[in-house]
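Hi everyone, thanks for coming along. I'd like to walk you through one chain today, so let's put it up on the screen.

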Amino acid sequence: MELKGKRVLVVGLARTGVATALFCAARGALVTATESRGEAEIGDAVAQLRAAGAILELGGHLEETFLQQDLIVPSPGVPADFPLLQRARAKGVKVWSEIELAYRFLQGKLIGITGSNGKTTTTSLVEHILRTAEFHTILAGNIGTPLISCVNGMTSTTVTVAELSSFQLELIEDFRPNISVFLNLTPDHLDRHGSMDCYAAAKARIFENQTERDAAIVNADDAATLAYAPKRTPVYWFSRKQDVEQGTAVRGDQIVFQRDGKEEQVIKRNEIPLVGEHNLENVLAAVAAARLAGAEPGAIAKGVRSFAGVEHRLEFVAEIGGARYYNDSKATNVDATLKALEAFAGRVLIILGGKDKGSDYRVLQQPLKQKAVVALLIGAASEKIEAQIAGSVEIERAGTLERAVAFASRAARPGDVVLLAPACASFDQFENYEHRGRVFKELVRRVEQQWAGAAAGNPAPANAGRR
């Protein structure tokens with residue numbers, strides 16, 4: 001795509017918006033960037049954008065600016081039905097997500113991974129396997145680095161592995177991964193999409209432009225996902241519960257990959273370092289993607305065995321006084337929290353809460369009754385969560401993460417698990433889930449230091465409230 005001389009409007013100046021504006025300006029586009037926040041809230045990016053020649057409209061949006069563009073690229077946080085975007089579309093202005101624009105400049109192969117849960121782990125694992133197998137790889141997308149920021153580093157031999165959100169996929173046009181992965185489908189982002197059908201349809205757009213020369217990887221065990229499996233693109237299934245003709249499955253203690261009637265043993269199940277059945281599913285999907293990208297079974301096994309996991313995804317933080325602390329701040333919806341609970345045998349002190357996304361927390365009742373000893377509630381969703389899980393577990397309205405960790409450190413027994421798996425977004429009290437996870441880890445380290453001080457002869461930490 002030729003950007004030189006084109007009028008391009010970037011809406012929203014978070015990480016993706018800034019990257020998009022700089023990319024377009026570097027290619028000769030006439031860039032305007034608009035943001036509801038003021039200059040002081042945006043920070044250093046303002047000077048960078050002005051130096052690149054971008055016109056900035058800060059502190060609000062002007063309708064005439066939207067209507068005068070050749071292309072509008074909204075940041076993922078801007079809803080597709082934002083009224084000014086709708087008016088621009090009605091006037092014939094193209095509105096693309098950042099991944100659609102980046103796609104026009106991509107080189108090499110693209111593996112796109114979506115789903116309600118497990119995207120970050122699976123994306124990171126696929127990239128790690130391929131890098132271990134000595135492929136030239138790039139890790140990008142919703143995982144942290146905008147796809148558009150990676151274009152300059154691509155060659156014809158690059159394999160780009162991108163995590164893709166529903167927010168990014170809902171505004172594509174020609175975007176087409178060579179290999180697509182749809183992990184699972186559970187309620188999420190209903191506050192943004194309005195209904196489960198709209199959310200699912202946005203996710204399923206990952207298959208929309210694929211052809212018979214591409215490959216789609218789909219969860220055979222997830223009934224909701226099955227309905228969206230593509231018809232014209234070859235489908236490779238992954239399953240931990242049943243055999244599959246094409247794709248990955250569990251055969252006894254082995255993970256096997258099957259294609260065109262040939263079966264390959266890849267890795268033993270007990271060699272997988274990640275905990276939880278949901279992570280077994282992530283590994284199955286990653287094995288299929290890596291094999292289809294050209295990695296050999298031995299190299300795939302080596303990559304899986306050496307994968308250390310993902311920060312903020314069932315991340316082990318510390319063992320203090322015999323209790324283990326895990327950071328699963330990436331569990332931003334109810335299904336992710338259910339999967340986190342499933343990973344542990346019992347006696348869990350769980351921290352729940354944050355910004356509600358229109359979720360139904362009642363499905364947590366039975367797992368909490370079976371596995372948790374207390375639910376520590378934080379953030380704006382506390383009242384709703386308490387009302388919907390009442391009677392299933394003891395509830396403590398901690399309010400803040402700091403108070404929740406302090407309570408858990410006093411209450412936990414040896415063998416217990418203290419788990420941050422909030423089932424909510426983080427934006428009520430934190431910048432993002434990474435910020436929330438980092439704060440949790442810092443709070444846990446303080447507790448660890450207190451215990452270390454006690455071991456050195458200082459007063460021991462109080463354990464009032466032990467169960």
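Which residue forms a salt bridge with Arg305? The partner is Glu271, and the closest N and O atoms of the two are 3.3 Å apart. Before I go further, please keep in mind that this is a predicted model.

Now, where do those two residues sit? Arg305 belongs to helix H13, residues 297-305, while Glu271 is in the loop between strand S14 (262-268) and H12, so the salt bridge ties together parts that lie 34 residues apart in sequence. As for accessibility, Arg305 comes out at 41% relative accessibility, which is partly exposed. Glu271 is partly exposed as well, with a relative accessible area of 29%.

That pair has company: the count for the model is 29 salt bridges. Let me pick out two others.

One of them brings together Arg104 and Glu173, with 3.7 Å between the closest N and O atoms. Here too the pair links distant parts of the chain, 69 residues apart: Arg104 is in the loop between helix H6 (98-103) and strand S6 (109-114), and Glu173 is in the loop between helix H8 (166-169) and strand S9 (179-182). Arg104 has a relative accessible area of 26%, so we call it partly exposed. Glu173, at 33% relative accessibility, is partly exposed too. If you zoom in on this spot, you'll find a network of salt bridges that links Lys94, Glu100, Arg104, Glu173 and Asp174.

The other one is between the side chains of Arg240 and Glu281, at 2.9 Å from N to O. Arg240 is in the loop between strand S11 (235-239) and strand S12 (247-251), whereas Glu281 is in helix H12, residues 277-292; the two are 41 residues apart, so this pair also links distant parts of the chain. Is Glu281 buried or exposed? Its relative accessibility is 10%, and because the cut-off for buried is under 20%, Glu281 counts as buried. Its partner Arg240 is partly exposed, at 26%.

Stay with those two residues for a moment, since they lead us to a pocket. Arg240 and Glu281 are among the residues nearest the centre of the second largest pocket, together with Asp222, Lys241 and Lys339. How many residues line this pocket? There are 15 of them, and the space inside is about 260 Å³. H12 and helix H14 (334-342) are the elements that give two or more residues to the lining. H14 supplies the largest share, with four residues.

Let's finish with a sheet. It is an open one of six strands, in the order S15-S16-S20-S17-S18-S19, and its pairing is mixed. At the edges we have strand S15 (315-320) and strand S19 (395-399), each pairing on one side only. On average, neighbouring strands here are turned by 20 degrees against each other, ignoring direction. Inside the sheet, strand S17 (residues 348-353) and strand S20 (residues 417-420) run parallel and are joined by four bridges. If you want a residue to click on, Leu349 has Val418 in S20 as its bridge partner.

And what packs on this sheet? That is helix H17, residues 401-411, which touches strand S16 (323-327), S17, strand S18 (372-378), S19 and S20. The direction of H17 makes about 160 degrees with that of S18.

That's my tour, and I'm happy to take questions.

How values were computed. Residues numbered from 1 in each chain as written. Predicted model: local features only at pLDDT ≥ 70, side-chain atom pairs only at ≥ 80, totals over all residues. Heavy atoms only, no water. Salt bridge = Lys/Arg side-chain N within 4 Å of Asp/Glu carboxyl O. Buried < 20%, exposed > 50% of the residue type's maximum accessible area, 1.4 Å probe, protein only. Pairing = 2+ DSSP bridges. Axes fitted to C-alpha atoms, helices over the stretch in contact; angles between N-to-C directions. Contact = heavy atoms within 4.5 Å. 1 Å grid on protein atoms, 1.4 Å probe; cavity = no way out; pocket = protein on both sides within 12 Å on 5 of 7 lines; lining within 4 Å. Points joined across faces, edges and corners; volume = space filled by probe spheres on them.
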